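Biologist: Hi! Could you walk me through this one?
Modeller: Sure, let's have a look together.

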Amino acid sequence: MGLLVDGHWQDKWYESSKDGAFQREQAQRRHWVTADGHPGPSGEGGFAAEAGRYHLYVSLACPWAHRTLILRKLKGLEKLIDVSVVSWLMLENGWTFDKAQGSTGDKLDHFDFMHQRYTADTPDYTGRVTVPVLWDKQLKRIVSNESAEIIRMFNSAFDNLTGNDLDFYPAPLRGEIDALNERIYPAVNNGVYRAGFATSQQAYEAAFDEVFAELDHLEQLLGANRYLSGEFLTEADVRLFTTMIRFDAVYHGHFKCNLRRIADYPNLSNWLRELYQWPGIAETVDFQHIKHHYYGSHKTINPTGVVPKGPAQDFSVAHDRARLSGKGVWRRG
Ligand SMILES: N[C@@H](CCC(=O)N[C@@H](CS)C(=O)NCC(=O)O)C(=O)O
């Protein structure tokens, strides 16, 4: 675990604030792939959607990278955008391409370490070396290292090439989706990390309370709505899914979010199974990577690196969500 300073790797654990709270660094590369290369909402233009031009770097353990893998799958982008997977262990060298620990290797340049991808973009890069990363093979630049934006690019930029008209961020539902994301990201997606990486009792308890207050709210919402925003499955569901699927196996124990398991919430657990069983999604879930990454990489939390064998979980059991009216994914046009 470490970061780049002026292009040099330094092995360093996260610095928490004075009150022991974990703070996540803002992603620094924020360009957008668009259908014709015009600039997106941030960054520069020049990144036009083309088959084979972009490469995605992910960890199968990481909930943020997982979002991008799900959108890549559901939007039919697998043939257009290839993927390199990092090793599940993230220790003194940060993310690596160690094939003995589950990595595919760096398919483009055979780098050993993910930080080499960042210095290939910017030789004097300063900051954390995170996944996911969308890399442009043509310009040899990082397009984006912000998953929330990569999934929006995948949702629309390549549609002319794929003919895929599924829309996970439909215009009429955007207000609703944005409001859901604004609640769920701090309290749940990042909330479990704030609980797990807190270095004071007070910071931990504050994060813990927020996690479970929001889960109670979501449990209630999913009692009335088939999906988070109503009848359509959207990016809000995908973003929550990657945290929920890790919760009982990792966040409950390793991050001390143990008031309840997701299995104890009837609506959330049935919703989770419906998403897991959605065609294409189960193939993006890898518990070997998930469990070995968290329990093996965070030596300040689990110094022995011993990985628990449980819990027993079966996400293929039938769900009850058909009792609520649902229309699947919105289609454009
Ligand atoms: N804002 C980023 C956050 C990505 C992120 O924090 N990824 C974690 C893995 S789950 C990471 O690479 N951490 C390495 C580090 O912080 O040094 C996104 O959503 O894409």
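Biologist: Which residues have the most contacts inside the largest nonpolar core?
Modeller: They are V58, V131, A195, V211, L268 and L272, in a core of 88 residues. A nonpolar core here is a set of buried Ala, Val, Leu, Ile, Met, Phe, Trp, Tyr and Cys residues joined through C-beta atoms within 7 Å. Buried means 20 or more other C-beta atoms within 10 Å of the residue's own, with C-beta atoms placed from the backbone.

Biologist: And which helix gives the largest share of this core?
Modeller: Helix α8 (residues 235-251), with 10 residues; helices are DSSP runs of H or I, at least four residues, numbered from the N terminus.

Biologist: Is any of this predicted?
Modeller: Yes, this is a predicted model, where local features need pLDDT of at least 70, side-chain atom pairs count only at pLDDT 80 or more, and totals for chains, interfaces and linings use all residues. Residues are numbered from 1 along each chain as its sequence is written.

Biologist: What does L268 touch, beyond four places in sequence?
Modeller: L268 is in contact with L215, L218, E219, L222, M244 and I262, contact being C-beta atoms, placed from the backbone, within 7 Å.

Biologist: New topic: how is the chain divided?
Modeller: Into domain 1 (2-164) and domain 2 (171-278 + 326-331), with bounds from an automatic or database domain assignment. Their C-alpha centres lie 23 Å apart, and the contact takes 14 residues from domain 1 and 16 from domain 2.

Biologist: Which helix gives the most to domain 1's side?
Modeller: That's α1, with five residues.

Note on methods. Buried ≥ 20, exposed ≤ 12 C-beta atoms within 10 Å, placed from the backbone. Helix = DSSP H or I, 4+ residues; strand = E, 2+ residues; numbered from the N terminus. Contact = placed C-beta atoms within 7 Å.
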